[in-house]
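The exercises below are meant to be worked with the sequence and the coordinates side by side. Each task is followed by a solution that proceeds step by step.

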Amino acid sequence: YIGLANGKLATSGRDQAEALRDLLTRMGAGERELITLFSGQDVSSADAEAMAERVRGWFPEQEVEVQRGGQPFYAYVVSAE
């Protein structure tokens, strides 16, 4: 699994969660107020919410929300504001 930041390869991991956690860390998500996960077209609502719960555990000070993004190629697009 890979994580892209601003169109450039930022991280890779053995599993999706590992890559996402590293990407969010590199993005400085721990210094932001809100993390949003936009789930892709092949990600179920249950899987997206389970991933959001993991993100909440990694970044307990931040608000984490899930939106249906519907993108065809990426499981998640994330923002940290």
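All of the exercises concern a predicted model.

**Exercise 1. Classify V77 by its exposure, and place it in its strand and in the surface patch to which it contributes.**

Step 1. Begin with the secondary structure: V77 lies in strand β5, which covers residues 76-80.

Step 2. The relative accessibility of V77 is 36%, and because the partly exposed class lies between 20% and 50%, V77 counts as partly exposed.

Step 3. Turning to the surroundings, V77 joins I2, L4, L9, F73 and Y74 in making a nonpolar surface patch of about 670 Å².

**Exercise 2. Describe how helices α1 and α2 pack, giving angle, axis distance and handedness.**

Step 1. Two numbers are needed, since a pair of packed helices is described by the angle between the axes and the distance between them.

Step 2. For helix α1, which spans residues 16-26, and α2, the angle is about 45 degrees and the axes are 11 Å apart.

Step 3. Angles under 35 degrees would count as roughly parallel, and those from 65 to 115 as roughly perpendicular; α1 and α2 are therefore oblique to each other.

Step 4. As for handedness, the crossing in which α1 passes α2 is right-handed.

**Exercise 3. Analyse the salt bridge between D22 and R26, including the exposure of both partners.**

Step 1. The general basis is that side chains of opposite charge can pair when their charged atoms come close.

Step 2. The closest N and O atoms of D22 and R26 are 2.8 Å apart, and the two residues form a salt bridge, in a structure that holds four salt bridges.

Step 3. D22 and R26 are four residues apart in helix α1, so about one helical turn separates them.

Step 4. The partners fall into two exposure classes: D22, at 26% relative accessibility, is partly exposed, whereas R26, with a relative accessible area of 57%, is exposed.

**Exercise 4. Starting from R56, trace the salt bridges that link it to E49 and E53.**

Step 1. Consider E49 and R56, which form a salt bridge with their closest N and O atoms 2.8 Å apart; E49 is partly exposed at a relative accessible area of 34%, and R56 is likewise partly exposed at 25%.

Step 2. R56 also meets the side chain of E53 in a salt bridge, at 2.7 Å from N to O. R56 and E53 are three residues apart in helix α2, which means that about one helical turn lies between them, and E53 is partly exposed at 46% relative accessibility.

Step 3. Through shared partners, these salt bridges join E49, E53 and R56 into one network.

**Exercise 5. Locate D47 and state how far its C-alpha atom is from that of K8.**

Step 1. D47 belongs to helix α2, residues 45-58, and at 48% relative accessibility D47 counts as partly exposed.

Step 2. Along the chain D47 and K8 are 39 residues apart, while their C-alpha atoms are separated by 26 Å.

**Exercise 6. Which backbone angle deserves attention at N6, and where does this residue lie?**

Step 1. The angle in question is phi, which at N6 is positive, about 55 degrees, although N6 is not a glycine.

Step 2. N6 sits in the loop between β1 (2-5) and β2 (8-12), and with a relative accessible area of 82% N6 is exposed.

Definitions and conventions:
Residues are numbered from 1 along each chain as its sequence is written. This is a predicted model: local features need pLDDT of at least 70, side-chain atom pairs count only at pLDDT 80 or more; totals for chains, interfaces and linings use all residues. Side-chain values use heavy atoms; hydrogens and water are left out. Helices (H or I, at least four residues) and strands (E, at least two) are DSSP runs, numbered from the N terminus. Buried means under 20% relative accessible area, exposed over 50%, partly exposed in between (1.4 Å probe, protein chains only). Patches are made of residues with over 30% relative accessible area and no salt bridge: like charges are joined within 9 Å, nonpolar side chains (Val, Leu, Ile, Met, Phe, Trp, Tyr) within 5 Å. Accessible areas come from the Shrake-Rupley method with a 1.4 Å probe; for residues, only the protein chains shown count as cover. Axes are lines fitted to C-alpha atoms, for helices over the stretch in contact, and angles run from 0 to 180 degrees between N-to-C directions. Angles under 35 degrees count as roughly parallel, over 145 as roughly antiparallel, 65 to 115 as roughly perpendicular and the rest as oblique. A crossing is left-handed if the near helix is turned anticlockwise from the far one by less than a right angle, and right-handed if clockwise.
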